[in-house]
Amino acid sequence: KDGPYSNLRLIAKIEDPTYLLVAVKPELGIKSLAEIRERKLPVRIITDFQPSVMPVLEYYGLDKKSLESWGGALVAPHGITATTPFDVVISSLASPANNPESAFWTTVTVAHDLKFLDLPNDLLDRLVKDANMVRTIARWGVLRGVDRAIPTVGRSGEVVFARTDMPDEVAYKLAKA
């Protein structure tokens, strides 16, 4: 959308799918994120604040000010450990990869029993349209606790790019590696 970048060239695309997933602690006793606002629950939500997550929070009316007024909070995933207090995770970086941006998913799903929630089709359609996501299915076992196929949205692929003045030999070695 910003137009061509004539000074860059693509070296490689690495398939690394990530999914938009919502997980809650079962003891919260909710079946939908809508219940958080309806009941003004004081939940701590781990979220990555990605442009693909913000429409989910907006859809359910879960903004920082409201959550804090109920005693809850939005928590960034940086530095998450098995003992970090939380109630809900909403993230479009769900992946079993231990890359820095997704590693918290492995941490929380291994340390805690979580229940994964479905998102409504109209919200998923909006994310496809407005957040550049694609419809996909998070399959059983992608993370501990995913016990069924979950219709969702996601992305795949990380790109490695460089300036066009990178020597061809270096670009080749990088792609080969």
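These are my notebook entries on what I looked up in this structure, which is a predicted model.

**Entry 1: aromatic rings**

I began with the rings and found three aromatic pairs in the structure. For tyrosine 59 and tyrosine 60, I read 4.9 Å between the ring centres and 70 degrees between the planes, so I noted this pair as edge-to-face. Are these two tyrosines buried or exposed? Tyrosine 59 is partly exposed, because its relative accessible area is 32%, and tyrosine 60 is buried, at 9%.

Next I turned to tryptophan 105 and phenylalanine 116, which form a stacked pair, 6.1 Å centre to centre with 20 degrees between the planes. Where do these two sit in the chain? Tryptophan 105 belongs to helix α4 (residues 103-111) and phenylalanine 116 to strand β6 (residues 115-117), so their pairing ties together parts that are eleven residues apart in sequence. I checked their exposure as well: both tryptophan 105 and phenylalanine 116 are buried. With Phe104 added, ring pairs link Phe104, Trp105 and Phe116 into a cluster.

One more ring caught my eye. The charged end of lysine 25 sits over the ring of phenylalanine 86, at 4.5 Å from the ring centre.

**Entry 2: strand β3 and its partners**

Which strands pair with β3? Strand β3 (residues 44-47) pairs with strand β4 (residues 73-75) in the parallel sense, over three bridges. β3 is also joined by three bridges to strand β5 (residues 88-94), and these two run parallel. Isoleucine 45 was a handy residue to follow: it stands opposite leucine 74 in β4, and opposite valine 88 in β5.

**Entry 3: the two faces of helix α5**

In helix α5 (residues 121-130), I found Leu123, Leu124 and Leu127 buried. Why do they lie on the same side of α5? They cover an arc of only 100 degrees around the axis, which puts them on one side. What covers the buried residues of α5? The cover includes β2 (18-24), α2 (54-59), β7 (134-138) and β8 (150-155). On the face turned away from the buried side, I noted the exposed residues Lys129 and Asp130. After α5 comes asparagine 132, whose phi is positive, near 60 degrees.

**Entry 4: salt bridges**

I reminded myself that side chains of opposite charge can pair when their charged atoms come close. How many salt bridges does the whole structure hold? The search finds twelve.

Aspartate 168 and arginine 9 form one of them, with their closest N and O atoms 3.0 Å apart. This pair links distant parts of the chain, since aspartate 168 is in helix α6 (residues 168-176) and arginine 9 is in strand β1 (residues 8-14), 159 residues apart. Aspartate 168 is exposed, with a relative accessible area of 58%, whereas arginine 9 is partly exposed at 24%.

Glutamate 58 and arginine 126 meet in another salt bridge, 3.8 Å from N to O. Here too distant parts are linked: glutamate 58 is in helix α2 and arginine 126 in helix α5, 68 residues apart. Glutamate 58 is exposed, at 57% relative accessible area, while arginine 126 counts as partly exposed at 33%.

I also wrote down the salt bridge between the side chains of lysine 13 and glutamate 15, at 3.2 Å from N to O. Which residues make up a network of salt bridges? Asp118, Asp147 and Arg148 are linked in that way.

Conventions
Residues are numbered from 1 along each chain as its sequence is written. This is a predicted model: local features need pLDDT of at least 70, side-chain atom pairs count only at pLDDT 80 or more; totals for chains, interfaces and linings use all residues. Side-chain values use heavy atoms; hydrogens and water are left out. Rings of Phe, Tyr and Trp (its six-membered ring) pair if their centres lie within 6.5 Å; planes under 30 degrees apart count as stacked, over 60 as edge-to-face and the rest as tilted. Buried means under 20% relative accessible area, exposed over 50%, partly exposed in between (1.4 Å probe, protein chains only). Helices (H or I, at least four residues) and strands (E, at least two) are DSSP runs, numbered from the N terminus. A charge sits over a ring if NZ of Lys or CZ of Arg is within 6 Å of the ring centre and within 35 degrees of the ring normal. Two strands pair if DSSP finds at least two bridges between them. The arc is that of the directions from the helix axis to the C-beta atoms. Contact means heavy atoms within 4.5 Å. A salt bridge is a side-chain nitrogen of Lys or Arg within 4 Å of a carboxyl oxygen of Asp or Glu.
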